Amino acid sequence: MDNISKLLPTLDVGDLSPAELCQAFFIVSAGSIFMLQVFPDDMRRALLDYGARREPRSQATGHKAKTKAEAEAPKEGFLDVLTSYGQLPHSWFIHFYITSVSWSIFWGWQFLSKGSLMRTIAETQHQSAVNTQSPEVELTGTLVAWLLMSSQGIRRLSECIFVMKPGSSPMWFVHWALGLAYYTALGTSVWIQGSGAILRSWESPQPIHFTPQIIIGAAVFGFAGSQQNNCHKYLASLKKYTFPNEGWFRYLICPHYTFECLLYLSLAVVAAPTGSVFNKPVLCSLVFVLANLGATAYGTKVWYAKKFGADKVAGRWTMIPFVF
């Protein structure tokens, strides 16, 4: 037994670089969501549903069901009752983008002021890259990725304030906490693999040059952001719980999720280390987004089918064209 244990690799979190810690958080979080997909429907629904799909499914309140879908909804189980505690307003989604913008501002200030926290993390990451001979991101890619992430956070925060309709439909506090942790890790991921270039720029000016990869990635990011904004404006223009069927919604159930994925894919391209196609920490954040939004998109499709009829969702991709 001792011999076997010696052969098995051990994972010491203390041995992970800052970039690897970010990757580990995204992968573990995504894995947790994937694992929930094997749970029975009622358990998965209780743990994952939020927003409009989280509305009461039983007649426990004593009110008469308003729709056939509500009348036929399953009774609440143990997890429904358990997760009814710690429910927060769905409008608290705005906290995610406040967090995102706050971290962008904080890390920008740390970069400009040669802050001690960024220096400590950057030195740790750069030493790990030197030890493992891993390529790092040039200063241009790091700064562009940071600016793109900042613009995304500002746009989404503005949409929450000026575009989206405030609502009181609930979400579980676990979803809220996970979202805050996600944007905290992402705020670090966009610059962490550019630690070497950051440290060098503090000693002497570094050249700024825009490679085709950065230009193309930034262009795709801009396209995805503008299209997602159009989707959000359209959703906000609908009457409550109206079936969306214009623009990209004619082909996809959740095109705003599709563009969210495209945003992070293009961001991973912009922030890629020299000689690489993708930035690993940001790409791992995309894995989390795919798991999280994929589960939500599937639940939305099922909810649409029950509320508006299966014929309404027939022929539409859920989130990723030709794949899902």
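**Helices, core and ring pairs**

Biologist: Which helices are included in what covers the buried residues of helix 11?

Modeller: Cover here is counted by contact (heavy atoms within 4.5 Å). Helices are DSSP runs (H or I, at least four residues; strands are E, at least two), numbered from the N terminus. Buried means under 20% relative accessible area, exposed over 50%, and partly exposed in between, with a 1.4 Å probe and protein chains only. The cover includes helix 8 (139-162) and helix 12 (255-270).

Biologist: The model is predicted, so local features need pLDDT of at least 70 and side-chain atom pairs pLDDT 80 or more, while totals for chains, interfaces and linings use all residues. Residues are numbered from 1 along each chain as its sequence is written, and side-chain values use heavy atoms, without hydrogens and water. How many helices and strands are in the chain?

Modeller: The chain has 324 residues, and 44% of them count as buried. Its elements come to 14 helices and 2 strands.

Biologist: What percentage of the accessible surface belongs to carbon and sulfur atoms?

Modeller: Areas come from the Shrake-Rupley method (1.4 Å probe; for residues, only the protein chains shown count as cover). The total is about 17,200 Å². The carbon and sulfur part is 66%.

Biologist: What share of the contacts with a separation of 6 or more comes from residues 24 or more positions apart?

Modeller: One pair separated along the chain is Ser151 and Val101, 50 residues apart, with C-alpha atoms 8.4 Å from each other. Ser151 lies in helix 8. For the chain, residues 24 or more positions apart supply 82%.

Biologist: How far does helix 11 reach from its first C-alpha to its last?

Modeller: Helix 11 covers residues 212-237, which is 26 residues. The expected span is 1.5 Å times one less than the number of residues. Among its buried residues are Ile214, Phe221 and Tyr234. The reach is close to the expected 38 Å, at 38 Å.

Biologist: Why is helix 10 largely enclosed, and which helices are included in its cover?

Modeller: Helix 10 (residues 195-203) has 7 of its 9 residues buried, so the rest of the structure largely encloses it. Those buried include Ile198, Leu199 and Trp202. Its cover includes helix 6, helix 7, helix 8 and helix 9 (173-192).

Biologist: Which helix gives the most to the largest nonpolar core?

Modeller: A nonpolar core is a set of buried Ala, Val, Leu, Ile, Met, Phe, Trp, Tyr and Cys residues joined through side-chain atoms within 4.5 Å. This one has 63 residues, and Phe26, Tyr182, Tyr183, Trp191, Tyr264 and Leu267 touch the most other members. The top contributor, with 11 residues, is helix 13 (residues 280-308).

Biologist: Which residues does Phe26 touch, leaving out those up to four places away in sequence?

Modeller: Phe26 also belongs to an aromatic cluster, together with Phe25, Phe93, Phe96, Tyr97, Tyr182, Tyr183, Tyr264 and Phe288. The residues it touches are Tyr182, Ala185, Leu186, Ser189, Pro281, Cys284, Ser285 and Phe288.

Biologist: What is the angle between the planes of Phe223 and Phe259?

Modeller: Rings of Phe, Tyr and Trp (its six-membered ring) pair if their centres lie within 6.5 Å; planes under 30 degrees apart are stacked, over 60 edge-to-face, the rest tilted. The structure holds 24 such pairs. Phe223 and Phe259 are edge-to-face, 6.1 Å centre to centre, with planes at 80 degrees.

Biologist: Which helices does that pair link?

Modeller: Phe223 is partly exposed at 38% relative accessible area. Phe259 is buried at 5%. The two residues are 36 apart along the chain and link helix 11 and helix 12.

Biologist: Which cysteine sulfur is closest to that of Cys254, and at what distance?

Modeller: Cys254 is buried, at 2% relative accessibility. A disulfide needs cysteine sulfur atoms within 2.5 Å, and the search of the whole structure finds 0. The closest sulfur is too far for a bond: Cys231, at 9.8 Å.

Biologist: What is the phi of Lys114?

Modeller: Most residues other than glycine have a negative phi. Lys114 sits in the loop between helix 6 (94-113) and helix 7 (116-132). Its relative accessible area is 41%, so Lys114 counts as partly exposed. Its phi is positive, about 55 degrees.

Biologist: Where is Phe322 found?

Modeller: Phe322 has a positive phi too, near 70 degrees. It is exposed, with 72% relative accessible area. Its place is the segment after helix 14 (310-313).
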